[in-house]
Amino acid sequence: MMHQMRAEYGAGGPPDGVRLWHMVRGAENVAMCGRELDAGAPVREAVDWGKTPELCCHTCGAYYLRETPYLAAEHQ
């Protein structure tokens, strides 16, 4: 299954920038934690999880790790 990161904006929407990163399945707008996200929000590759200046959703991270095998070559 393909995953990607999708941003959650701050309270003021896009002008407030990214508040938190979530993980979604495919190109969905609903995060793995259940939060509905803006369809136009920025996306990143799943391998960027934990490599952003903004925080990542803990719940999404737990679900993502259960669905994704650890591939050492992706974590160098």
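A strand here is a DSSP run of E with at least two residues, and a helix is a run of H or I with at least four, each kind numbered from the N terminus. Welcome to this predicted model; the views below go through it piece by piece.

**View 1. Four strands form an open sheet in this model.** The strands lie in the order β3-β1-β2-β4, and their pairing is mixed. At the edges you will find β3 (43-45) and β4, each of which pairs on one side only. Strands of a sheet pair through backbone hydrogen bonds, and they can run parallel or antiparallel. Both kinds appear here: β1 and β2 run antiparallel, whereas β2 and β4 run parallel.

**View 2. A hairpin takes the chain from β1 to β2.** The link between the two strands is 2 residues long. Strand β1 covers residues 3-10, and β2 covers residues 13-25. Between them there are 8 bridges. To find your way along this pair, look for Y9, which stands opposite V18 in β2, and for G10, which faces G13 of β2.

**View 3. Strand β1 also pairs with β3.** These two strands are antiparallel and share 3 bridges. Here R6 has V43 of β3 as its bridge partner, while Q4 stands opposite E45. How many of the residues of β1 are buried? The count is 8 of 8, so the strand is mostly covered, given that buried means under 20% relative accessible area.

**View 4. G10 sits in strand β1.** Is G10 buried or exposed? With a relative accessible area of 17%, G10 is buried, because the cut-off for that word is under 20%. Setting aside neighbours within four places in sequence, the contacts of G10 are D16, G17 and R19. For a sense of scale, the C-alpha atoms of G10 and E54 are separated by 11 Å, although the two residues are 44 places apart along the chain.

**View 5. E8 is another residue of β1 to look at.** Its relative accessible area is 10%, so E8 counts as buried too. Which residues does E8 touch, leaving aside its neighbours within four places in sequence? They are G17, V18, R19, L20, H22, R35 and L37.

**View 6. W21 links this view to the β2 and β4 pair.** Strand β4 (residues 55-56) is joined to β2 by 2 bridges, and W21 stands opposite C56 there. The ring of W21 has a companion as well: R44 lies over its face, at 5.7 Å from the ring centre. As for pairs of aromatic rings, the structure holds 0 of them.

**View 7. Helix α1 keeps its buried residues on one face.** The helix spans residues 58-67, and its buried residues are C60, G61 and Y64. Looking down the axis, you would see these residues fall within an arc of 100 degrees, which means that they line one face of the helix. Turned away from that buried side are the exposed residues H58 and R66. The buried residues of α1 are covered by elements that include β1 and β2.

**View 8. The largest nonpolar core brings 15 residues together.** Inside this core, the residues with the most contacts are M23, A31, M32, C60 and Y64. Two or more residues each come from β1, β2 and α1. The largest share belongs to β2, with 4 residues. Two of those well-connected names, C60 and Y64, are also among the buried residues of helix α1 in the previous view.

**View 9. A last close-up centres on Y64 of helix α1.** Which residues are in contact with Y64, leaving aside its neighbours within four places in sequence? The contacts are H3, M23, M32 and A46. Among them, M23 and M32 are listed with Y64 as having the most contacts inside the largest nonpolar core.

Key
Residues are numbered from 1 along each chain as its sequence is written. This is a predicted model: local features need pLDDT of at least 70, side-chain atom pairs count only at pLDDT 80 or more; totals for chains, interfaces and linings use all residues. Side-chain values use heavy atoms; hydrogens and water are left out. Rings of Phe, Tyr and Trp (its six-membered ring) pair if their centres lie within 6.5 Å; planes under 30 degrees apart count as stacked, over 60 as edge-to-face and the rest as tilted. A charge sits over a ring if NZ of Lys or CZ of Arg is within 6 Å of the ring centre and within 35 degrees of the ring normal. Buried means under 20% relative accessible area, exposed over 50%, partly exposed in between (1.4 Å probe, protein chains only). Contact means heavy atoms within 4.5 Å. Two strands pair if DSSP finds at least two bridges between them. The arc is that of the directions from the helix axis to the C-beta atoms. A nonpolar core is a set of buried Ala, Val, Leu, Ile, Met, Phe, Trp, Tyr and Cys residues joined through side-chain atoms within 4.5 Å.
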